[in-house]
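Dear colleague,

I am handing over the structure you asked about, and below it you will find my notes on what turned up when I went through it. Please read them with the structure open beside you.

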Amino acid sequence: MPLPSIYQIRLLPLIAALAVLIVGMAYGLVLFEQEKQHHAEKVSSALSSRLAHITEGVRERVTLYWYGVLGLRSAIYANPQQFNYQAMQQYIQSFNFEVEYPGARGLGFIKYIPTAQLDTFVARAQTERSDNNFAIKYLNPHSDSNFVIQYIEPEINNKQAVGLDIGSEENRRAAALEAATTNSPRLTAPITLVQADNKIKYGFLILAPVYNTLTDISEETIHLDNLVGWTYSPLLIDEILSTLLSFRQDVSVQISDVTNAGAAIPFYNSIPKGTVTATHMSTKQLYLFGRVWEVTTSPTPMFIKSLNLTSPNLILQVSLLVSFLLAVITYIILLSYLQQRLAEKEKLAVEAEKALSLGKLNSSLEQEVKARTKEIVKYSQLHTSIVEGSGYAIIATDKSGNITQFNPAAERLLGYKKAELIGKYYPDSCHLKSEVIAKAHALTDELKQPIQPDFEVFIAKAKQGEVDTSRWTYVTKQNQHVQIKLNVTALRDEQGQIDGFLGIANDLTEQLKHEWELSQAKEAAEQAAKAKAMFLANMSHEIRTPMNGLYGTLQLLKSEPLSNTASDLVEKATYSIKALNTIINDILDFSKIEAGRIELEQRVFDIGVLIEHLHSDFLVLAKNKGLDFKVDMMLEHKHWLGDEVRTRQILLNLLSNSIKFTESGHIKIQVTTLENETGLLIKVIDTGIGMSDTTIQKLFSRFEQADKSTTRKFGGTGLGLSITRSLVELMAGKISVESKLGHGSVFTVELPLQRSTQITTSSTHTEDSAPDLSGVAILLAEDNPINQMVVRSMINKSNGDITLANNGKEAIELATKHSPDLILMDIQMPEMDGVDACKYLKQHHPQIPIIALTANAFAEDKALYERVGFDGYVAKPIDQNELINVIGTVLNSRK
C-alpha cells in the first residue's frame with residue numbers, strides 16, 4: 001500500500017488551521033468596531049464637557065469686565081459735574097485694577113461730542129491736564145458727531161488711545177450707538193485696538209452708555225439727546241484667555257464672531273503642541289452683550305490619551321494574535337497526529353532500504369571528501385593571495401592576542417619581518433602604552449564595564465559583534481610614530497565561536513598632511529578676507545571725510561548769488577560728488593556681498609510708495625534726456641513683508657542703467673504679482689541701445705559692461721548689475737534680461753515676498769518743508785575744521801544756534817554745562833570717540849537727543865549706533881536737506 005504524500009499529510013491540518021484563523025479574525029473585527037464606536041462616544045462626551053467649561057469661563061470673565069464698566073459709570077453718576085481727569089485717576093487708584101479685573105487693558109470714559117462743540121471740548125480737556133497735551137485722533141475722516149476717548153487708566157499702558165475718536169471707525173461707532181439707543185451694554189465686533197502691538201491681535205471694546213439723567217428712558221431719540229458718553233474697557237482676547245484658561249493645553253480652541261450670518265470672523269485660535277485630531281470637534285455658541293461668539297474645540301492625542309480608553313487597535317491585535325495562536329496549535333496537533341501515523345508505516349520501509357542504501361552512501365562520501373579537499377586547497381590559496389597582495393597592513397591574532405598573521409604591507413609599515421612578530425603579544429609589538437591606557441579609560445566609560453589596558457582594549461567591541469574603527473599611533477622598528485586608522489573584527493568558526501581577531505591598518509600620513517595644508521590655506525584666506533574688509537571700511541571713512549567737506553561746501557556755495565557760469569560749474573561738481581559716492585557705495589556693497597556680511601530685514605513696506613519715490617527721483621533725469629517715464633502698477637495689494645532697502649536698491653540700479661543707456665523713447669516700470677501671489681514680478685523696460693547675445697552672457701559678471709566703448713561713453717564701474725543679481729539671489733529671487741541690439745532691453749525680477757495684512761504709515765518730507773530751527777541750541781562734536789564750518793553754515797541757514805566741540809570729551813563738558821536741545825556727534829574723534837561719548841551722555845543726560853554724523857557706511861555700523869542710543873543717523877557726505885529734516889524729525893519726536 002503506497003504511503004500518503006507530504007502534501008496530503010499537511011493539507012488537512014492547514015485547512016483546519018485556516019478555518020480557526022478566519023473565524024477568530026471575524027470575531028476580532030466585530031470587537032474592534034464595537035470598541036471604536038465606544039471610544040468615539042467617550043471622546044465626544046469629554047470634549048463637550050471641556051467646551052462647556054471654556055464657554056462658561058469666557059462668559060464669566062467678560063461679565064466681570066462689564067461690572068468694572070458699571071462701577072465707573074456709577075462713580076460718574078455719583079458726581080457728574082465734578083468728574084474730571086483728577087477724579088478719574090483717584091477712582092482707578094481706589095482699588096487694585098489688575099487684581100480685580102485680570103486680562104483687561106484698562107478702564108476709561110468716551111465723551112459724546114456734537115460737531116459744533118468739538119473745539120470747546122478740546123480746550124476744556126487740555127486745561128484738565130498739567131501738560132495741556134490733548135488732541136483728537138481719527139482712524140478715518142468723517143463729518144458726524146465725535147466719540148472721543150477722554151480718560152483711560154492706567155494711562156501709561158494706553159497713551160496712544162487718549163483723544164482717539166472711536167466714531168471714526170465703522171464697527172466701534174455701530175456698537176457705541178447701539179449701546180446708547182438701547183441703554184444696554186454692548187461689545188464691538190473684533191477689532192485691532194489702539195493699545196495693540198505690531199503683531200496682529202484681536203480685541204474688543206465693552207461699552208455702557210452714560211446719560212445726563214438717571215430717569216428711565218424708552219425712546220431711542222431721547223437716549224441720544226440725553227447721552228453724555230460711554231464708560232468702556234478695551235479687551236485683548238489673548239490677554240483675557242491667558243489669565244482665564246486654567247484647563248490643560250491638550251485641546252485646540254478657536255473662537256469666531258458669528259453675529260452676522262455668513263460672515264464669521266475668527267479672532268482666536270490656540271493650537272497646543274501635538275497634532276490636533278480633526279475627527280472629533282465640538283462647537284457651542286455664546287451670546288455676549290449683543291454679539292454671538294462660536295467656540296470650537298478639537299482634541300489632541302494627549303487629550304485622548306488622558307481619558308485612559310482602551311485602544312480599538314489593541315483589541316484587534318490581541319484578537320488576531322489569539323486567533324493565530326489557536327490556528328498554529330490546531331495545525332501542530334493535527335500535523336503531529338498524522339506524522340505519528342505516517343512514521344509508524346515508514347519505520348518498516350526504512351529498515352528494508354537501510355541495507356541497500358548503506359553501500360551507496362559510502363561511495364558517495366568518498367567522492368564528496370575528495371571534492372571538499374580540493375575546494376579547501378583552492379580557497380586557502382585565494383586567501384593567501386589576498387592577504388599577501390593587499391596594500392593595507394593586515395595583522396591577525398589568536399584569542400589571547402598573539403600574532404598569527406603578518407602580511408607584507410604590515411612589514412613595510414612597521415619595519416618588522418613576519419618571522420620577528422609571529423607568536424608575539426600584539427600590544428607590546430607596535431603601540432604606545434599611554435594610548436592603550438587612555439583608550440581603556442574611554443571604553444570603560446562608553447561600555448559601562450571595566451576594560452583593562454591590554455589586548456582587551458582592541459577587541460572589546462569586536463567581541464560584541466561590532467567593527468571597532470579607531471585612530472592609533474604605530475611605533476615602527478625604527479622607533480618612528482605613524483598615525484593609522486585600525487579596523488578590528490572578530491574571526492569566528494563554523495559554530496560562531498570567536499577563534500581570533502583580524503586588524504586592518506591604513507596609513508594616515510598623507511591624509512593628515514593634506515588636511516593640515518587645507519587648514520593653513522583656509523586660515524590664510526580668512527585672514528585675507530578680514531584684512532580686505534577692514535581696508536575697505538577704513539578707505540570708505542578716509543574718502544568720505546574730505547568728500548563731506550567738498551560736498552558740503554558745494555551745497556553752501558550753491559545757495560550764494562552766482563553767475564550762470566559759476567552755477568553751472570557748481571551743479572556739475574555736485575553731480576560728480578554724487579557719482580563718486582555711488583561708486584564708493586557699489587564697492588562697499590560688492591565687498592560685503594563677497595564677505596557674506598549682508599543680512600536681509602523682514603519688515604512690512606508699501607511697494608506703491610517705494611515705486612512712487614523712485615518715479616519722483618528719476619523723473620527729472622528722464623525729462624532732461626527727453627525720455628518718457630511710465631509706471632504701470634497692476635496690484636490690488638501693496639503691502640508686503642521683505643527688505644524694502646534692498647528692493648529699492650535693485651530697482652534703483654536697473655532704472656539708473658535704463659536711463660543711462662537710453663537716448664530716446666521711454667522708460668517703463670511694470671509691477672504685478674507672481675502666480676498664487678507668492679511675491680512680486682517687476683519689469684524695467686527701455687528703448688535704449690540694447691545688447692547682443694554675447695553681451696548678455698557676461699552682463700551680470702563683476703566689472704563688466706557691454707564693451708569698452710560703452711564704458712568710455714557712459715561711464716560706471718561695472719558692479720551695478722553684479723550687485724543687483726547678488727541681492728536678488730540673496731532674497732531667493734530670479735533676474736533675467738531680454739534684449740536686442742538697437743531695440744532696447746527688458747529686465748525681469750522675480751522676488752518671493754509674503755503678503756502682509758498690516759498697513760505701513762510712511763512719513764515723507766520735501767526740501768520745502770525743512771523745519772525752522774530758531775531758538776534751538778545745537779552742540780556739534782566734530783574734530784575736522786572743514787566739516788565744522790560746513791555743518792555750522794548748514795545749521796545757520798535754518799536759524800539754529802550752534803556750539804562747537806572738538807572731541808567727545810569736550811562734548812560731554814559742554815553738554816553738562818549748557819544742556820543743549822540736540823547734539824550732532826561725529827564718531828571718530830581724538831581723546832574720546834562719539835560712541836563712548838553717547839554712552840556717557842545717555843546715562844547722565846538721557847533727555848538730550850543725539851544724532852550720529854559718520855563716514856562709516858556699513859549697515860552693522862548703523863545698527864551699533866541704534867543699540868548705543870543714538871536717536872538718528874546721517875551719513876557722510878552730508879546732504880543739507882537730509883540733515884535739517886533728520887534734526888526736525890528727532891526734535892518733533894521728543895515733544
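How much space lies in the largest cavity? Before the answer, please keep in mind that this is a predicted model, and that what follows was computed from it.

**The cavities**

The count comes to two cavities of 30 Å³ or more, and in the largest cavity there lies about 100 Å³ of space. The residues that line this largest cavity are Ile-395, Thr-397, Tyr-426, Phe-455, Phe-458, Ile-459, Tyr-474, Leu-486, Val-488, Phe-501, Leu-502 and Gly-503. Two or more lining residues are given by each of the elements β12 (393-397), α14 (456-463), β15 (481-492) and β16 (498-507), and the largest share, three residues, comes from β16. Sorted by class, the lining holds ten nonpolar and two polar residues, with no charged residues.

**Helix pairs**

Two packed helices are described by the angle between their axes and by the distance between those axes, and I have set out three pairs in that way.

The helix α14, which you have already met in the cavity lining, also packs with helix α13 (residues 433-447), at an angle of about 30 degrees and with the axes 9 Å apart. Because angles under 35 degrees count as roughly parallel, α13 and α14 are roughly parallel to each other. From α13 the contact draws on Val-436, Lys-439, Ala-440, Leu-443, Glu-446 and Leu-447, and from α14 on Val-457, Phe-458, Ala-460 and Lys-461; by class these divide into seven nonpolar, no polar and three charged residues. Phe-458 thus appears both in this contact and in the lining of the largest cavity.

Helix α17 (residues 607-624) and helix α18 (residues 644-660) have axes that come within 11 Å and cross at roughly 25 degrees, so that α17 and α18 are likewise roughly parallel to each other, and their crossing is right-handed. On the α17 side the residues involved are Leu-610, Ile-611, Leu-614, Asp-617, Phe-618, Leu-621 and Ala-622, which meet Glu-644, Arg-648, Leu-651, Leu-652, Leu-655, Ser-656 and Ile-659 of α18. This contact has ten nonpolar residues, one polar and three charged.

In the third pair, the axes of helix α23 (residues 808-818) and helix α24 (residues 834-844) come within 9 Å and cross at roughly 20 degrees, and therefore α23 and α24 are roughly parallel to each other. Here too the crossing, of α23 past α24, is right-handed. Gly-808, Ile-812 and Ala-815 of α23 make the contact with Ala-837, Tyr-840 and Leu-841 of α24, and among these residues five are nonpolar, one is polar and none is charged.

**Backbone details**

Most residues other than glycine have a negative phi, and most peptide bonds are trans, so a few places in the loops deserve a look. Glu-153 and Pro-154 are joined by a cis peptide bond, with omega about -5 degrees, and Pro-154 lies in the loop between β3 (146-153) and β4 (164-165). The peptide bond from Lys-876 to Pro-877 is also cis, its omega being near 0 degrees, and Pro-877 has its place in the loop between β29 (872-875) and α26 (880-893). Finally, Asn-132, although not a glycine, has a positive phi of about 55 degrees, and Asn-132 is found in the loop between α4 (118-128) and β2 (137-138).

With kind regards

Note on methods: Residues numbered from 1 in each chain as written. Predicted model: local features only at pLDDT ≥ 70, side-chain atom pairs only at ≥ 80, totals over all residues. Heavy atoms only, no water. Axes fitted to C-alpha atoms, helices over the stretch in contact; angles between N-to-C directions. Helix = DSSP H or I, 4+ residues; strand = E, 2+ residues; numbered from the N terminus. Parallel < 35°, antiparallel > 145°, perpendicular 65-115°, else oblique. Left-handed = near helix turned anticlockwise from the far one by under 90°. Contact = heavy atoms within 4.5 Å. Nonpolar A, V, L, I, M, F, W, Y, C, P; charged D, E, K, R; others polar. 1 Å grid on protein atoms, 1.4 Å probe; cavity = no way out; pocket = protein on both sides within 12 Å on 5 of 7 lines; lining within 4 Å. Points joined across faces, edges and corners; volume = space filled by probe spheres on them.
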